[in-house]
Amino acid sequence: MKTQIKKILILGSSLLMLSLLTGCDFTDYKTRIQRENDINNPTGNKSVCLAVGDLTEDMYPYTIKYLPGYHKDLHYRDPIYVNHKLNKRLALYAKEGLFTEELVGHDGDKPLYRYDLTEEGRKYVDWWGGTNFCFGRVVVDRITEVDNQLKGMRMVSFRYHMENVPNWIKSKQIYSLYPNFDGLEDVVTGKDLARGTHYYNVNDYGELKLRRAKSGGYIL
């Protein structure tokens, strides 16, 4: 009888421990993912970086140019398309006070503008791969899914909002420049929580190693 009671107690303790581990899984992932984001973004101001164009610091002041033959169906890496996109972005960011804009001449009937970074613009600029304006800190709100279907991998999906969002990115003209960032409008306006996913390798001991994070980044 004592042996049966002992077995029941051990089984009960094991089930309780399993229940506690399962129950706190999401909380643990939430803490882990928050920590991973904060380690990668210690200032809390570089979760998202939006590319203006391939303009390095020594290229300012920069005067725009026009390349003939632009149309909206050009490949996004076509030099004509890239140049058109740069001209458009410079003009819109200038409206938000991140660049100065000076008329310096004309190319036929087209105005030529010269741009330089303002002091306000330099607060947000990062030179990775050219001029990028960075902002924000990811704040994890909740875990939505833990997927172990791939052997040796774990995919953890979550919803988050963002702190330290400046006013210039809240302009629809600005965030609409980056349609490839799924959920950017939600991130900058706070209308809804954004979606993120972290991918982990899982070793034979069940230990996790971050393989790839998806909760912000450099956006072209």
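1. Strands S3 and S4. In this predicted model, strand S4 (residues 110-117) is joined to S3 by 8 bridges, and the two strands run antiparallel. One pair of facing residues can be picked out: Glu 102 stands opposite Arg 114 in S4. When following the ladder on the screen, that pair is a convenient place to begin.

2. The sheet around them. S3 and S4 belong to an open sheet of 3 strands in the order S2-S4-S3, with antiparallel pairing. Strand S2 (62-63) and strand S3 (99-107) are at the edges; each has a single partner strand, so one side of each has no neighbour in the sheet. As background, the strands of a sheet pair through backbone hydrogen bonds, in either a parallel or an antiparallel way.

3. The helix across this sheet. H2 lies across S2, S3 and S4, and runs at about 130° to S3. The length of H2 can be checked with simple arithmetic: at 1.5 Å a residue, its 17 residues should span 24 Å, and the end C-alpha atoms are 25 Å apart, which agrees.

4. The two ends of H2. At the start of H2, a side-chain oxygen of Asp 78 comes to within 2.8 Å of the backbone nitrogen of Ile 80. After the helix comes Gly 97, which has a positive phi, near 85°.

5. Which residues of H2 are buried? They are Asn 83, Leu 86, Asn 87, Arg 89, Leu 90, Leu 92, Tyr 93 and Ala 94. An α-helix has 3.6 residues a turn, so residues three or four places apart point the same way. The buried residues of H2 pack against strand S1 (48-53), S2, S3, S4, strand S6 (131-135) and helix H4 (172-175).

6. Lys 95. This residue is also in helix H2. Is Lys 95 buried or exposed? With a relative accessible area of 60%, Lys 95 is exposed, because the cut-off for exposed is over 50%. Lys 95 and Ile 174 are 79 residues apart in sequence, and their C-alpha atoms are 9.9 Å apart in space.

7. The nonpolar core. The largest nonpolar core has 43 residues, and Tyr 93 and Phe 99 have the most contacts inside it. Helix H2 (residues 79-95) gives the most to this core, with 5 residues. What does Tyr 93 touch, leaving aside its neighbours within four places in sequence? Tyr 93 is in contact with Leu 50, Val 52, Leu 98, Phe 99, Phe 133, Trp 168, Ile 174 and Tyr 178. Phe 99 thus appears in both lists: among the residues with the most contacts in the core, and among the contacts of Tyr 93.

8. The other sheet to look at. An open sheet of 4 strands has the order S7-S8-S9-S10, with antiparallel pairing. Strand S7 (137-147) and S10 are its edge strands, each pairing on one side only. On average, neighbouring strands of this sheet are turned by 30° against each other, direction ignored.

9. The pairings in that sheet. S7 and S8 are joined by 9 bridges and run antiparallel; here the bridge partner of Val 139 is His 161 in S8. Strand S8 (residues 153-163) is joined to strand S9 (residues 194-202) by 8 bridges, again antiparallel, and Met 153 stands opposite Asn 201 in S9. S9 pairs in turn with strand S10 (residues 208-214), in the antiparallel sense, over 6 bridges. In this last pairing, His 198 stands opposite Ala 213 in S10.

10. The hairpin. S9 and S10 form a hairpin with 5 residues between them. Gly 206, in the turn, has a positive phi of about 80°.

11. Thr 197. This residue is in strand S9. Thr 197 has 12% relative accessibility and therefore counts as buried, because the cut-off for buried is under 20%. Leaving aside its neighbours within four places in sequence, Thr 197 is in contact with Met 155, Val 156, Ser 157, Phe 158, Arg 212, Ala 213 and Lys 214.

12. The chain as a whole. The protein chain has 5 helices and 11 strands. Of its 220 residues, 36% are buried. Among contacts with a separation of 6 or more, 62% are between residues 24 or more positions apart.

Terms used. Residues numbered from 1 in each chain as written. Predicted model: local features only at pLDDT ≥ 70, side-chain atom pairs only at ≥ 80, totals over all residues. Heavy atoms only, no water. Core = buried A, V, L, I, M, F, W, Y, C linked by side-chain atoms within 4.5 Å. Buried < 20%, exposed > 50% of the residue type's maximum accessible area, 1.4 Å probe, protein only. Contact = heavy atoms within 4.5 Å. Pairing = 2+ DSSP bridges. Axes fitted to C-alpha atoms, helices over the stretch in contact; angles between N-to-C directions. Expected span 1.5 Å × (residues − 1). Polar contact = N/O pair within 3.5 Å; in protein donor to acceptor, adjacent residues only side chain to side chain.
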